[in-house]
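User: Hi! Could you walk me through the sheet and a helix pair in this one?
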Amino acid sequence: MAPSDPQDHPTSAAAAPPVLLVVYGRGSATPRGILTAARRLCTVVFFADLGDPKAAEDLARLPKSATVVDTAGLTERQLCDRAAEFGIAGVITFSDRLLRTAAAVAERCGVPFHDRATVEALVDKFRQREALAAAGVQSTACRTVRSAADLAPALAATGLPAVLKPRSGAGSVDTCLVRSADELADRYAEFTRGAAAPAVFVLEEYLVGDPTVVGEFWGDYVSVESAIRDGEIHTVAVTGKLPLAHPFRETGYFTPALLPDGLAEQVVALERSALRALGVREGVTHTEIKFTPDGPRLIEVNGRLGGHVSDVLKRSAGTDLLALALRTALRPVLGAFDPPEPVLGPGPNCPAVAFQYFLSPPADGLAPGDGELVDGLRSVPGVDLVDARIDPSWRADWRAGTEWGLGTVYGSTAGHAELRTTVTDIHRRLAGFWA
């Protein structure tokens with residue numbers, strides 16, 4: 001294992017810093033972000049399948065002193081045995097598809113993490129719906145689809161409109177709303193065409209939103225971020241959203257959320273009931289909740305840090321959610337910690353509104369020139385940074401979900417009224433860019 005800089009840790013020369021194993025795949029935290037959050041806290045070891053070009057690309061940018069273990073070709077047992085050699089004090093992942101691997105490592109090494117049964121409920125959308133219904137938290141019609149023959153009975157159970165998506169997936173990839181039996185058949189055929197072993201999908205009841213709850217300008221859903229240690233749930237924040245783009249692409253986050261009196265407490269209560277129903281006892285979670293005519297309803301529970309949330313929360317309230325996730329994973333050696341004051345809405349502990357706006361073009365749009373887009377958005381009041389990754393060969397592909405984005409606008413405003421003005425200005429300028 002590569003040596004770490006002793007200045008990075010508050011421990012003496014005789015006491016080595018704890019080792020945190022990160023099971024890495026592209027997800028809600030970058031390798032550099034993880035190392036920054038780990039400074040003076042622990043030594044990080046990255047386990048990654050370097051046959052995955054995205055993971056390999058990310059990790060290749062790290063300093064040569066970083067410890068990276070290639071897990072390509074290893075069985076689960078071999079990977080766990082290799083992890084045990086490092087004497088790890090904790091394990092974490094920021095990728096949904098690697099939660100099972102992290103749970104196996106935790107079990108082998110005796111460190112806290114979701115247990116295997118909990119992981120199955122977190123990564124399997126059908127099992128999650130079953131568990132929530134069985135616990136009396138929420139009943140949402142949901143059926144598995146393994147072949148075209150399953151479409152009609154699934155639709156009979158869910159009704160229309162309905163949502164078709166992979167049984168295990170993230171980032172809204174291959175996810176769409178269907179409004180007819182013909183559209184369902186067409187989309188399913190499109191998603192599975194050419195696959196040697198078609199993925200299992202689910203068809204589930206569409207949760208109809210109520211835009212009057214927070215106002216039509218804002219998204220009709222929020223996320224709740226929590227840190228859980230030995231079954232004790234600490235609410236960290238409720239994150240506000242901008243409205244979704246077609247079909248289910250997120251367009252931006254902001255903190256603090258802007259909710260009517262008492263609503264934040266309702267969504268936190270629902271989130272906690274869901275976490276307990278799924279058996280979540282460790283880690284940081286990201287739970288999405290929608291506002292409907294029947295009140296707040298669960299979209300899904302994710303057993304890892306939410307993408308983009310740590311940045312807006314840190315800039316608005318000073319809470320480093322990524323560092324908190326690492327500290328939570330290292331509970332056995334770091335002991336108890338004082339959780340940050342929850343950010344449920346505007347208040348003295350959250351003096352600014354921070355946002356990320358995702359550059360998400362229309363489904364039939366083409367990207368303009370890089371410089372033209374960036375220069376136009378930089379001059380918007382409230383915008384601090386425009387990070388655009390525009391390739392002239394870019395073409396629209398809504399199936400890619402959040403991977404479709406061309407970049408991100410980062411900014412902050414004094415309040416929600418100013419945020420609305422800033423976002424309106426961004427919308428106006430973008431309208432002239434998309435072809």
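Analyst: Happy to; we can take the sheet and then the helices.
Analyst: This is a predicted model, where local features need pLDDT of at least 70, side-chain atom pairs count only at pLDDT 80 or more, and totals for chains, interfaces and linings use all residues. Residues are numbered from 1 along each chain as its sequence is written, and side-chain values use heavy atoms, leaving out hydrogens and water.

User: Cool, what's the strand order in the open sheet?
Analyst: The open sheet has 4 strands in the order β3-β2-β1-β4, with parallel pairing. Strands are DSSP E runs of at least two residues and helices are H or I runs of at least four, numbered from the N terminus; two strands pair if DSSP finds at least two bridges between them.

User: Which strands stand at the edges?
Analyst: β3 (67–70) and β4 (90–93); each has a single partner strand, so one side of each lacks a neighbour in the sheet.

User: And how many bridges join β2 to β3?
Analyst: 4 bridges join β2 (residues 43–48) to β3. F47 stands opposite V69 in β3.

User: Switching topic: at what angle do α4 and α5 pack?
Analyst: Helix α4 (residues 99–109) and helix α5 (residues 116–123) pack at about 170°, with axes 10 Å apart. Axes are lines fitted to C-alpha atoms, for helices over the stretch in contact, with angles from 0 to 180 degrees between N-to-C directions.

User: Who makes the contact?
Analyst: On α4 the residues are L99, R100, A103, A104 and E107, and on α5 they are R116, V119, E120 and V123. Contact means heavy atoms within 4.5 Å.
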